[in-house]
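Subject: Handover of a structure for your attention

Dear colleague,

Please find below the structure that I am passing on to you. I would be grateful if you could look through it before reading the notes underneath.

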Amino acid sequence: MKEFNLIEHFFKQKSGTRKDVVIGIGDDAAVTHIPQGQALVTTTDTLLSGVHFLPNASPHSIAQKAVAVNLSDLAAMGAEPAWISLSLSAPDVDEEWLTEFSRGLQDQIEYYSIQLIGGDTVQGPLAITITAQGFVPYEQAITRSGAKPGDLVYVTGTLGDAGLGLAIAKNEVDQVIEKPLSQVNRDFLLKRLNYPTPRLLTGTQLRRIANSCIDLSDGLISDIKHILKMSACGATLDLEKLPLSQALVNSVDEETALKYALSAGDDYELLFTVSEEQKGNLETTLASANIQVTCIGHLNGNVGNLELKKNNLPYQNNVQGYQHF
Ligand SMILES: [Mg+2]
């Protein structure tokens, strides 16, 4: 594949221009500066064709999502993003595909003021690995392990949209959709699947307010269990409070909407917990930033136990966490 250096050819020109990058693409390694008083936060995520995106997904959306899911992990730590590196495995040198892919990457680079500081390409099955790095002030990173019994459980945005978006992308909507799907709803749900929004601003605002945080990549039920395990807590979720979009509610029946909200992945919203004492602080801070958050339940001392209730009655379900597709 390396007839010429693909990274330099397709990605160097618009890789970003941050002042904290001393040496970017083109040398043996990148050299960067970490601001004083800040800790470096690093995350890596791989998107594999047929597992994390459909083989026919647009290269632009694949690049955007590969960056977004990594930035979402930084957001969950309360970090702000700075640099990314790319490892691209592709079956062949498809100039058109690479051009569109690099355009998707550049759009994210510009939007988030980040810089691509290095990368590598290899011939193989289509897979994109991004490593993202960012900063958080010393001792202010938000972890999965800081939650306490009595904490309130919040989520950003709406849940389940990407799950229905995936059914649409896979042409499986006939099985789940009751009413004809409007073009507006269809576009919205597909956008939620293909162009997730990392909640970076919320993440940074939650520093010193949230006790714990995680991003919702695998589904609410799967992901909250990580917090319960790491923090030795249990949780009760009130399902009538789950924030559902009009597009989801208008397209499927209530049970199906709840199923997507509980178990479908790829929403990339934040789930975080806050003590009762911090509730007022949270609401004031987020209101000024115009960020939608919803309290969906609370934590308790029943370690590892996740209780689902709807209108105060136990909710029977057989939904499991999302296993991608
Ligand atoms: Mg994560």
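The notes below describe the domains, the interface between them and the annotated sites.

Please bear in mind throughout that this is a predicted model.

Domains

The domain assignment divides the chain into domain 1, residues 6-137, and domain 2, residues 152-314. Between the C-alpha centres of domain 1 and domain 2 the distance is 26 Å. To the contact, domain 1 contributes 21 residues and domain 2 contributes 18 residues.

The interface

Together, domain 1 and domain 2 bury about 1600 Å² between them, and 62% of this area is on carbon and sulfur atoms. As for polar interactions, 5 residue pairs are in polar contact across the interface of the two domains, counting pairs with both residues at pLDDT 80 or more.

Which elements give two or more residues to the side of domain 1 that touches domain 2? They are helix H2 (59-76), strand E4 (80-90) and strand E6 (127-137). Of these, H2 gives the most, with 11 residues. Sorted by class, this side of domain 1 has 12 nonpolar, 6 polar and 3 charged residues.

The interface of domain 1 and domain 2 also holds 1 salt bridge. A salt bridge is formed by Asp-266 with Lys-65, whose closest N and O atoms are 3.2 Å apart.

Annotated sites

Two sets of positions come from the UniProt record, which is an unreviewed entry, and both carry the feature "binding site".

One set consists of Asp-28, Thr-43 and Asp-73. These positions are spread over 46 residues of sequence, and they are spread in space as well, with up to 27.0 Å between C-alpha atoms. Thr-43 belongs to strand E3, which covers residues 38-48.

The other set consists of Asp-45 and Asp-73. Although they span 29 residues in sequence, no two of their C-alpha atoms are more than 9.1 Å apart, so they gather at one spot. Asp-45 lies in strand E3.

When you open the model, you may wish to view the interface and then the annotated positions.

With kind regards

Methods: Residues numbered from 1 in each chain as written. Predicted model: local features only at pLDDT ≥ 70, side-chain atom pairs only at ≥ 80, totals over all residues. Heavy atoms only, no water. Domains from an automatic or database assignment. Contact = heavy atoms within 4.5 Å. Buried area = accessible area lost by both parts, 1.4 Å probe. Salt bridge = Lys/Arg side-chain N within 4 Å of Asp/Glu carboxyl O. Polar contact = N/O pair within 3.5 Å; in protein donor to acceptor, adjacent residues only side chain to side chain. Helix = DSSP H or I, 4+ residues; strand = E, 2+ residues; numbered from the N terminus. Nonpolar A, V, L, I, M, F, W, Y, C, P; charged D, E, K, R; others polar. UniProt positions renumbered as here; feature names shortened; annotations may be inferred.
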